[in-house]
Each structure stands twice: as structure tokens, then as C-alpha cells.
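Please look through the structure shown here, with attention to how its helices pack and where its nonpolar residues gather.

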Amino acid sequence: MELTDISRRFIVHWGEMGTNWGVNRSVAQIHALLFVHGRPLHAEEIADTLVLARSNVSNSLKELLNWRLIRVTQMLGDRRDYYETSSDVWELFRTIVRQRKEREFDPTVALLRDLSVDPALAQESPEMQDRLRSTLDFMQTLGSWSDEMLRLSPATLEKILRLGAQVQRFVRPADAPDAPAAAFPAMPTLPPMG
């Protein structure tokens, strides 16, 4: 398959961004190809189009399947597996956030919980104990917030994101409407969500 200049530029850039996000370049490029192409492709087509080794494509497809960013489909009269991704950017965004939270965020929260109840923590300095516990509180609050955001419909989530900086009008103290934010503001204590 011949790529248009626009498709090629998007795929190359998505691969570069993938490496910045800790994702293998080939994985990101394959996902980008499936996204911009908009129809299922088999592994040979992907390998030929992106000029990648078949083994690299196979490993990358497995990774994308593990991330739940693509799915396998079949074509009538063809025994090969075809791969497709969602064309809904909100669905992709939610999938990526869920997967990253499960793989990176949740294990850190679990470790912090374990450390916070470990009797050996009492042997650490009070400052270190406070830092560990405040990090746990922060991460639990952030995790609860992200779980709530992921439960929203894409339309509602989009409205919230579009509000952007306008939300600060409702949470900024009335006596400091134009005060700049501190470099390291104190985290307010929030009630648990859920």
C-alpha cells in the first residue's frame, strides 16, 4: 500500500511521540497506520507498508493487543488475521489511560499502602513518614479522580475538558483572584471519593 504524504508524516511523528511516551516506535507506528488507514490490515500489509520485519510486526501487534488498542478480525475467504483499531479518539484515550493506570499507577499506590502500614516505617524519620503518607494520599485522590473521569461518557468528559481553566474561577480563593500559583502549592486534604 502506498502512503500519502499526510499519512506518512502522521505515522512517523506518532512513532517519535511513542518513544517519548515509553512505547516502542514500531508499536506506535503500527497503531498510527491502523488509525489513519481506517480499515483492517493483515500483518504482511503492515510490514510492507511500514518497511518493518515481519517478526517486529508480529511482536508489535501482540503488544497492541495486550494494551487492548487493536482487535483481530477476519475477512470472508481469507484465512489471515486482520487487525483494526477504533476510529473514536475518546475510546482510544480512555483505553490508554486505563491501561497506563493499571500498569504504572496502581502498583505504585499498592506499594505505598504496604509501606504505610509496615511497622518498619516507624524507624524512619518523621519527615520521611509524612512524605510517604502525603504521596499516598495524593495518589489515592488522583486515582479516585481518574476513575470517576473514566466512568463518564465521552460527551460529558469532553465538556469537562473544554471547561479548562474556567474551573479555577470556582476554586480560587476570593481574596486572591489574580495571585500567581505557588511553585509547590500545598495539596488540600480532600475527602475520599467512592
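In this predicted model, Val57 touches Ile30, Ala43, Ile46, Ala47 and Leu52, leaving aside residues up to four places away in sequence. Val57 also belongs to the largest nonpolar core, which has 20 residues, and it stands there with Ile30, Leu34, Ile46, Leu50 and Leu61 among those with the most contacts inside the core. Helices H2, H3 (43-50) and H4 each supply at least two residues of this core, and the largest share, 5 residues, comes from H2. Apart from this core lies another one, of 7 residues, which includes Val109, Leu112, Leu136 and Met139.

Two of the helices that supply the larger core also pack against each other: H2 (residues 25-37) and H4 (residues 54-66) meet at an angle of about 75 degrees, with their axes 9 Å apart, and they are therefore roughly perpendicular to each other. On the H2 side the contact is made by Ser26, Val27, Ile30 and His31, and on the H4 side by Asn56, Val57, Ser60, Leu61, Glu63 and Leu64. Sorted by class, this contact of H2 with H4 has 5 nonpolar, 4 polar and 1 charged residues.

Further along the chain, helix H6 covers residues 126-151, and because its 26 residues should span 38 Å at 1.5 Å a residue, the 37 Å between its end C-alpha atoms agrees with that expectation. The buried residues of H6 are Gln129, Leu132, Leu136, Met139, Gly143, Ser144, Ser146, Met149 and Leu150, and they pack against helix H5 (89-117) and helix H7 (154-163). Among these buried residues of H6, Leu136 and Met139 are also members of the core of 7 residues.

Note on methods. Residues numbered from 1 in each chain as written. Predicted model: local features only at pLDDT ≥ 70, side-chain atom pairs only at ≥ 80, totals over all residues. Heavy atoms only, no water. Axes fitted to C-alpha atoms, helices over the stretch in contact; angles between N-to-C directions. Helix = DSSP H or I, 4+ residues; strand = E, 2+ residues; numbered from the N terminus. Parallel < 35°, antiparallel > 145°, perpendicular 65-115°, else oblique. Contact = heavy atoms within 4.5 Å. Nonpolar A, V, L, I, M, F, W, Y, C, P; charged D, E, K, R; others polar. Core = buried A, V, L, I, M, F, W, Y, C linked by side-chain atoms within 4.5 Å. Buried < 20%, exposed > 50% of the residue type's maximum accessible area, 1.4 Å probe, protein only. Expected span 1.5 Å × (residues − 1).
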